[in-house]
Amino acid sequence: MMDKACIVALVACTAAGQTVLWDESVDGDLGGLNTDGSPTFVGILNVGANLVSGTTAPIAAGDLNDAFSYTVAAGTTLESVILTFYTPATGGTSGIVYYDTLGGDSTGSFLGGASYGGADVGSDTLFGSLGLDSLGAGDYTTSVREFGGPDASWTLEFNVVPTPGAATVLGLGGIAAMRRRR
């Protein structure tokens, strides 16, 4: 029978937290790409759900895009990027595109992207458009562009998991540490 410390350690190893990496309403405007500036570095993605939220005005209004860069750490993979919030529910769509460097399309390779709106909340915006299973360790940039209609407010959830080998090592390390304490 597992003791309480073992159960707590197991939950700690498997449970993923939720981290707000950037919220434009709190942290300020995200950068842009090319003539609209540089992407904002929002940090290293943590294991679990990593949230980035913003509001993008239509291109005609001059707010070309919200762009942000991030790092997927060694020993982890990015499994999905879910559109968890989008308003207005109708009347506009945003293009969400991905690049393989911190600099975005000014220095990196285009990975893919598509248009999403209120009807797409819950969709995987990265792998639904790219046909990939996951992205490994490295530096990436995402750009969100409003194509029309009123301002769009959005939240993307970047879901990161340990790579299979890293999860095994973490689990074995936790078990070994518990056995030493007995």
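A strand, in what follows, is a DSSP run of E at least two residues long, and strands are numbered from the N terminus. With that settled, the model I am showing is a predicted one.

I will start with glutamate 79, which lies in strand E5, residues 76-87. Is glutamate 79 buried, exposed or partly exposed? Its relative accessibility is 33%. Buried would require under 20% and exposed over 50%, so glutamate 79 counts as partly exposed. Leaving aside residues up to four places away in sequence, glutamate 79 touches Asp124, Phe127, Asp133, Ser134, Asn159 and Val161. Take Asp124 from that list: it is 45 residues away along the chain, and the C-alpha atoms of the two residues are separated by 9.5 Å. Glutamate 79 also has a side-chain partner close in sequence, since a polar contact of 2.8 Å links its side chain to that of threonine 77.

Now the overall layout. The protein has four helices and nine strands, and from the N terminus the order of elements is α-β-α-β-β-β-β-β-β-α-β-β-α. There are 182 residues, and 40% of them count as buried. Of the contacts between residues at least 6 apart in sequence, 79% join residues at least 24 apart. The accessible surface is about 9000 Å², with 59% of that belonging to carbon and sulfur atoms.

Next, the sheet. Five strands make up an open sheet with mixed pairing, in the order E2-E4-E8-E6-E7. Strand E2, residues 40-45, and strand E7, residues 110-116, each have a single partner strand, so they stand at the edges and one side of each is left without a neighbour in the sheet. On average, neighbouring strands here are turned by 20 degrees against each other, direction ignored.

At the E2 edge, five bridges join E2 to strand E4, residues 66-72, and the two run parallel. Within that pair, phenylalanine 41 stands opposite serine 69 of E4.

That leaves E6, residues 94-99. How many of its six residues are buried? Six of the six, so E6 is largely enclosed by the rest of the structure. In a regular strand, side chains alternate between the two faces of the sheet. In E6 both faces are covered, with Ser94, Ile96 and Tyr98 buried on one side and Gly95, Val97 and Tyr99 buried on the other.

E6 is antiparallel to E7, with six bridges between them, and valine 97 stands opposite glycine 113 in E7. E6 also pairs with strand E8, residues 138-146, in the antiparallel sense over six bridges. There, isoleucine 96 has valine 144 of E8 as its bridge partner.

Conventions:
Residues numbered from 1 in each chain as written. Predicted model: local features only at pLDDT ≥ 70, side-chain atom pairs only at ≥ 80, totals over all residues. Heavy atoms only, no water. Pairing = 2+ DSSP bridges. Axes fitted to C-alpha atoms, helices over the stretch in contact; angles between N-to-C directions. Buried < 20%, exposed > 50% of the residue type's maximum accessible area, 1.4 Å probe, protein only. Contact = heavy atoms within 4.5 Å. Areas by Shrake-Rupley, 256 points an atom, 1.4 Å probe, with all protein chains shown as cover. Polar contact = N/O pair within 3.5 Å; in protein donor to acceptor, adjacent residues only side chain to side chain.
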